[in-house]
Amino acid sequence: MAGDLAFASIAELARLLRSRRTSATELAELFLERLERFGPRYNCLVTVTPERALAEAARADHELAAGKIRGPLHGIPYGVKDLLAVRGYPTTWGAEPYRAQTFEEDATVVTRLGAAGAVLVGKLAMVELAGGMGYSQANASFTGPGKTPWNTDYWSGGSSSGPGAAVAAGLVPFAIGSETSGSILTPAAYCGITGLRPTYGLVSRHGAMALSWTMDKLGPMARSAEDCALVLAAIAGRDALDPSSVARGFRAPGPEPKRHGRFRIGVPRGVIDAVQGEVAENFTVALDVVRAIADIVPDVELPDLPFGVVGGTIIAAEGLSAFDDLIDGNRLKDLTAPEDRTGGYGALALSARDYLRALRVRRLMGRAYDDLIDGNRLKDLTAPEDRTGGYGALALSARDYLRALRVRRLMGRAYDELLKPFDAIATPTRTTVASPIDKPFRDAYPDVRGGVSLIGSSNVVGVPAISLPNGFGLAGLPTGLSLVARAFDEARLVRIARAYQARTDWHTRRPEVA
């Protein structure tokens, strides 16, 4: 029974609680025990929160017995990535210099989940500083390299490594992760779970570590799209403590009407060229399943813009500012990954050098260069690389944060035009399965250099995405199907994902955990 409960969906656990076949206290005790027993195996646990969990569970049991039901999360245990503040417990950001750090109030997401009756059982591991110092291998946290429960010789993904592994191993029913450039979708794919990255601004980040305050997003990681929707409904909405949050919420979509139109899903050109063989095969089979509910449009052309350059510029500028105290206090040396110990200084030097160069060349660039960009006339140049080189040079030569934001606005418009004809764009979440934990990422699969990923570009423009498990590949490791939609179209993503998961059972598969 305990094993079944550990892998039950939120809805299944809620039904058991309502029928009094289990209690919130029993669930809290079960998941606390599993976190303590199995968490170290996957390097996915930082801190259990038994005092808080048992108090919240006792309150939930009392309220449920009295007929006061707060909603579908009432009495359901969960964990949070350890960049979210929780009063009374350390918030380490995955980094040695912050192991003793505490805050006097809960993050807004934690407060909202508490108001929904959810029970916090643990703070989960993460890549140090959410990868902000440029890590290049899995061992980049004081908790050790995150390990996927499907094969502990391989990485669980980053930077939400702990949430991915903990959900996959049945250590929590759901978790909150964060994403700036892939940190929800990647662990979801590598751990064989569902991860929903919401539109920028839909979920408050108050009380969360900032890596890039114009790109960071918090979102649910769970067994299914249905579970993710229930969690997102509880945490979405305007927060006066986060000026970037928007005045709109999210409602989990109800059952599909018996008669409704078909979805329309685009697939980029070259999407599976030179990706791992099993990744390509699983994606092709997944599209065949999706054809039951959607029209598939192949060979979609993506905007020819330097999303990587602009995203990297913004993250470097904002991340460097966020971690000034590490640099000024000479504490980078205390980080785990050797490359992280110098990453901050490298970004500082690069930003300063490029900024001074930008000041020298700005007058030479002048109005003529601005006219090319503002008038959208780079597309008229002859050489294909020149059509995007202007944007790249604008960001790179200046390393100018404000100019990168300006270019991003153009990208947002182009991306919306890409997405407008479709309900979603589909790609493999990652072009390979998880990397071995004993190799640098660049050496893991040197022959895989193809495929199409929308992770970077969709994060730059802030639109939502979901990753769904869609099979297994090399070494018995999971693969993922990713869907990207227009801003604030999370409900449509959930509907497509839910329909896919109703026709497959990948999201119900369990790794061996004993």
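## Thr199 and its surroundings

Thr199 sits in the loop that links strand S5 (194-197) to strand S6 (217-222). The model is predicted. The relative accessible area of Thr199 is 3%. Buried means under 20%, so Thr199 counts as buried.

Which residues does Thr199 touch, leaving aside its neighbours within four places in sequence? Its contacts are Gly462, Val463 and Pro464, together with Ala487, Phe488 and Glu490.

## The sheet

The strands S5 and S6 that flank this loop also belong to an open sheet of 11 strands. The order is S1-S3-S2-S4-S6-S5-S10-S11-S9-S7-S8, and the pairing is mixed. Strand S1 (45-48) and S8 stand at the edges. Each has a single partner strand, so one side of each has no neighbour in the sheet. On average, neighbouring strands are turned by 30 degrees against each other, direction ignored.

Strands of a sheet pair through backbone hydrogen bonds, in either the parallel or the antiparallel sense. Both senses appear in the two regions described below.

## The S1 edge

S1 runs antiparallel to strand S3 (residues 119-124). Three bridges join the two strands. Thr47 has Lys123 in S3 as its bridge partner.

A helix covers this pair: H4 (residues 50-65) lies across S1 and S3. H4 runs at about 160 degrees to S3.

## S7 and the S8 edge

Strand S7 (residues 263-268) is mostly covered. How many of its six residues are buried? Five of them are.

In the sheet order, S7 stands between S9 and S8. S7 pairs in the parallel sense with strand S8 (residues 294-300), over five bridges. Here Pro268 stands opposite Val300 in S8. S7 also pairs with strand S9 (residues 424-428), again in the parallel sense, over two bridges. On that side, Gly266 has Ile425 in S9 as its bridge partner.

## Helix H9

What kind of unit do S7, helix H9 (residues 277-290) and S8 make? They form a β-α-β unit, and the unit is right-handed.

H9 lies across S7 and S8, and also across S9, strand S10 (465-472) and strand S11 (478-484). H9 runs at about 110 degrees to S10.

Technical notes: Residues are numbered from 1 along each chain as its sequence is written. This is a predicted model: local features need pLDDT of at least 70, side-chain atom pairs count only at pLDDT 80 or more; totals for chains, interfaces and linings use all residues. Side-chain values use heavy atoms; hydrogens and water are left out. Helices (H or I, at least four residues) and strands (E, at least two) are DSSP runs, numbered from the N terminus. Buried means under 20% relative accessible area, exposed over 50%, partly exposed in between (1.4 Å probe, protein chains only). Contact means heavy atoms within 4.5 Å. Two strands pair if DSSP finds at least two bridges between them. A crossover is right-handed if, with the strands pointing away from the viewer, the path from the first strand over the helix to the second runs clockwise. Axes are lines fitted to C-alpha atoms, for helices over the stretch in contact, and angles run from 0 to 180 degrees between N-to-C directions.
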